[in-house]
Amino acid sequence: MKILAFLLIGLNFIFLESAEATSFGRRESATISSVNSRPAICLPNDTGEVFLVGWISLMQSYVRNAGAWGVALKSGAKRLELLPGGCVVFGVVPEGYELDDYKVKTHPLNLEVNNTYIFSLIDASRPRDSYTAVFCIGNTASGTVEYLQYTRLADGSELVPPCDGRRNGNAAKHFSPDN
């Protein structure tokens with residue numbers, strides 16, 4: 001009887017552990033903040049653990065051949081240990097990192113009002129684990145820029161900020177030679 005109980009507890013432990021480790025990794029929600037008038041991706045205050053950053057990316061959403069900005073850990077460099085509530089700011093390259101040269105050429109990222117962006121932090125040890133936040137850029141009544149984050153609701157729906165130009169009909173005007 002003791003062996004059967006031990007076996008059941010052991011199998012339960014194995015299955016519970018494997019449920020956390022899927023081939024898809026772990027994708028968590030981050031928060032967007034403004035630091036010196038630039039968007040910053042921040043870990044939630046309740047993460048409870050240090051996140052070892054391997055790669056940082058910011059890219060425009062809804063656009064084919066979108067502009068992008070990325071930072072990668074240099075070979076042999078010390079990884080950035082991001083504490084709960086810690087942030088990484090767009091345009092700031094942390095020590096030990098370098099701008100990612102993207103083996104496939106991308107356009108430089110220019111942040112524009114009424115456009116939507118995806119900001120991500122990828123784990124240095126487990127590249128399928130990440131923190132991601134989606135936001136758009138709006139203007140306040142006083143004319144200052146603000147970064148408004150999309151919010152996932154408990155029922156699975158999404159609260160879309162008013163600055164999402166694609167969904168709200170106020171997309172930024174882009175120059176096109178065909179116009």
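This report describes the strand pairing, nonpolar core, disulfides and salt bridges of a predicted model.

## Strand β4 and its partners

Strand β4 (51-60) is mostly covered, with 7 of its 10 residues buried. Three strands pair with β4 in the antiparallel sense, as the following table sets out.

| Partner of β4 | Bridges | Residue in β4 | Opposite residue |
|---|---|---|---|
| β5 (residues 67-73) | 5 bridges | S57 | G70 |
| β6 (residues 80-82) | 3 bridges | V53 | L80 |
| β10 (residues 116-123) | 7 bridges | W55 | I122 |

The connection from β4 to β5 is a hairpin with 6 residues between the two strands. Within that turn, Y62 has a positive phi of about 70°.

## The nonpolar core

Which residues touch the most other members of the largest nonpolar core? They are I56, L58, W69, F119, L121 and F135, in a core of 23 residues. At least two residues of this core come from each of β4, β5, β10 and β11 (130-139).

## The open sheet and the first disulfide

A separate description applies to the open sheet of 3 strands, whose order is β2-β3-β7 and whose pairing is antiparallel. Its edge strands are β2 (31-35) and β7 (87-89), each of which pairs on one side only. From one strand to the next, the twist averages 35°. Between β3 and β7 there are 3 bridges, and A40 has V89 in β7 as its bridge partner.

The structure holds 2 disulfides. One of them joins C42 to C87, with the sulfur atoms 2.0 Å apart. C42 belongs to strand β3 and C87 to strand β7, so this disulfide links distant parts of the chain, 45 residues apart. The torsion about the S-S bond is about 105°, and the disulfide is therefore right-handed. The two cysteines differ in accessibility: C42 is buried at 4% relative accessibility, whereas C87 is partly exposed at 33%.

## The second disulfide

C136 and C163 form a disulfide in which the sulfur atoms are 1.9 Å apart. Its S-S torsion of about 80° makes this disulfide right-handed. C136 lies in strand β11, and C163 lies in the loop between β14 (158-159) and α2 (165-168), so the pair ties together parts that are 27 residues apart in sequence. Both of these cysteines, C136 and C163, are buried. When the bonded cysteines of the chain are numbered in sequence order, the pairing reads 1-2, 3-4.

## Salt bridges

The count of salt bridges comes to 5. Among them is the pair R26 and E49, whose side chains meet at 3.6 Å, N to O. Why does this pair tie together parts that are 23 residues apart in sequence? R26 lies in the loop between α1 (2-20) and β1 (27-29), while E49 lies in the loop between β3 (38-42) and β4, so the bridge joins those two parts. Both residues are partly exposed: R26 has a relative accessibility of 25%, and E49 one of 36%. R26 and E49 also belong, together with E28, to a network of salt bridges.

A further salt bridge is formed by the side chains of D129 and R126, at 2.7 Å, N to O. Is D129 buried or exposed? D129 counts as buried because its relative accessibility of 9% falls under the 20% limit. Its partner R126, at 43%, counts as partly exposed.

E158 forms a salt bridge with R152, and the closest N and O atoms are 3.8 Å apart. Here E158 is partly exposed, with a relative accessible area of 31%, while R152 is exposed at 57%.

## Threonine in the loop between β3 and β4

T47 is found in the loop between β3 and β4. At 18% relative accessibility, T47 is classed as buried because this value is under 20%. Once neighbours within four places in sequence are left aside, T47 is in contact with P84 and Y131.

Note on methods:
Residues numbered from 1 in each chain as written. Heavy atoms only, no water. Salt bridge = Lys/Arg side-chain N within 4 Å of Asp/Glu carboxyl O. Helix = DSSP H or I, 4+ residues; strand = E, 2+ residues; numbered from the N terminus. Buried < 20%, exposed > 50% of the residue type's maximum accessible area, 1.4 Å probe, protein only. Pairing = 2+ DSSP bridges. Core = buried A, V, L, I, M, F, W, Y, C linked by side-chain atoms within 4.5 Å. Contact = heavy atoms within 4.5 Å. Axes fitted to C-alpha atoms, helices over the stretch in contact; angles between N-to-C directions. Disulfide = S-S within 2.5 Å.
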